[in-house]
Amino acid sequence: MKRFIKYTALTVSVLLLTACAQFKTLEVKKVDDLPTTFNNASNNATEEFIPITLNTYFNDPQLLQLFDRVMKSNPDYQIFQQRILIANSHLKRAKLALIPSLDLSINASGTKYGDHTMEGVGNFDTNLSSNIQEDQKIKRDVTPNYWLGFQTSWEIDVWGRLRHKKRAAQQRFLASQQGINLLKNQLFTDVADLYYQLIALDKKVKIYEANYGVQLKAFELVESQRAAGKATELAVQQFGAQSKNMQAEMEQLKIEINSTEKALLSLLGEYSGDLTRGTTFLSNHLALLSQKIHVDSIIHKRPDVAESYFELVASNADAKSARAAFFPKIQFGGNVALHSFSMPTFFNVGSIAWQLLGGLVQPIFNQGQLKQEFYIANRNQEIAFFSYQKNVINAFNELSSLLSQVAMNQTVLNIKDDEVAFLDRAVDVSNDLYLTGYANYWEIINAQKAKIQAELDYVDFQHRNAKALVQLYKALGGEIK
């Protein structure tokens, strides 16, 4: 017996050393160092960055109401909330795996043993023994068996297999929380984009309506001049065509408004509803450009980056758990119960039975399967790292680009504002010149076309700037509550 124990211990030791030597877990890699500044004007800023929040960044009350609505009924958000609950359940299950199990077991059976079986002969011989009492005799026609008691088992987590599974579940739960923050950011971004798109379409409709009124007056003027012989029929037809073109453009814009409203309602998870909106774009966050943004802090606090980091740590824990599976499992167990083959004696003190168990299980023939599981876990860790690195790089470049874009957009908006003012004055001048005979109707039409296009372009630039500011909120990892 001593020799057996000695050889068993030696074998286990060799297997442990082999596992330690052959299977090494990859450590959590670190991403490349981030630049200390962005390539924009904020590099020389002296003011400290003030963390942004949803209610302070978006100051349009009607837009904020839409944000509240999307949180209540958006299907994607509801789905992700269920995933949070699932991740929490995985974590609880991993924690419970570390403590002993305890089961209540109730069993009852009846067995008819054959006369030529070991049990049948044994029961017959037992009943003839003088060493047993009358209540200890066994029924031979149908032998009953009753069990009522508790069973327990416990794996001693010496190598950390279960602890690493628990850590993986913890990290994935944290990743799921970041994931729902990321989804909130995306939903707010999508809602804001559609909201400002509707404002842009509303503004374009008003531009056409205002210019359509001017165009009608010009059309009436040309008709009166044709009657007086001062204008040709061609001029009348040209002004008439220009008016119809404006009408067609307004109808097209109404179609786009309806389509955009339906898209926004789908995002809100509603069939219909009030989509009241304001008249101004988001454009009051230029102060961000004068604040000193700490690159590393901002980037790693973003939900998408934080989510991928937690997934990386979880995959590392998976690999460590897979490595621990090569080592022997140390398990303890036992039971205590009332156990009897006679119901009248079932609740007697003499029916109390108990058992203690202890064992060590070392995988041998399934080493190939464990090797592949370990290999897969390490490859998943590599994939998680590359995803993390990718998200960090994308986050930096996105934020750097948006900061530069917001700064340049303001310059373009100022230029476009001046352009609209010049063309507005040009329309007045062309009308005056036409009345005095110093300009023809083509010059009036071209001046009006140029003015309308400039006004539409100005709205497009305002909308583009608003979209950039919305994306900037997301890129800065805006606080979600």
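**Notebook: helix α4 and some rings**

I started at the N-terminal end of α4, where asparagine 74 acts as the cap: one of its side-chain oxygens is 3.0 Å from the backbone nitrogen of aspartate 76. (Polar contacts are N or O pairs within 3.5 Å, one able to donate a hydrogen and the other to accept it; sequence neighbours count only if both atoms are side-chain atoms.)

This is a predicted model, so local features need pLDDT of at least 70 and side-chain atom pairs 80 or more, while totals for chains, interfaces and linings use all residues. Residues are numbered from 1 along each chain, and side-chain values use heavy atoms, without hydrogens and water.

Next I looked along α4, residues 75-96. (Helices are DSSP runs of H or I, at least four residues, numbered from the N terminus.) Which residues of α4 are buried? I found Tyr77, Phe80, Ile84, Ala87, Leu91 and Ala94. They fall within an arc of 90° seen down the axis, so they line one face of the helix. (The arc uses directions from the helix axis to the C-beta atoms.) Leu85, Arg93 and Leu96 are exposed on the face turned away. (Buried is under 20% relative accessible area, exposed over 50%, partly exposed in between, with a 1.4 Å probe and protein chains only.)

Then I turned to rings: the whole structure has 14 aromatic pairs. In one, phenylalanine 346 and phenylalanine 347 meet edge-to-face, 5.0 Å between centres and 85° between planes. (Centres must lie within 6.5 Å; planes under 30 degrees apart are stacked, over 60 edge-to-face, the rest tilted.) Phenylalanine 346 is buried at 5% relative accessibility, but phenylalanine 347 is exposed at 60%.

Key. Phe/Tyr/Trp six-rings, centres within 6.5 Å; stacked < 30°, edge-to-face > 60°. Helix = DSSP H or I, 4+ residues; strand = E, 2+ residues; numbered from the N terminus. Expected span 1.5 Å × (residues − 1).
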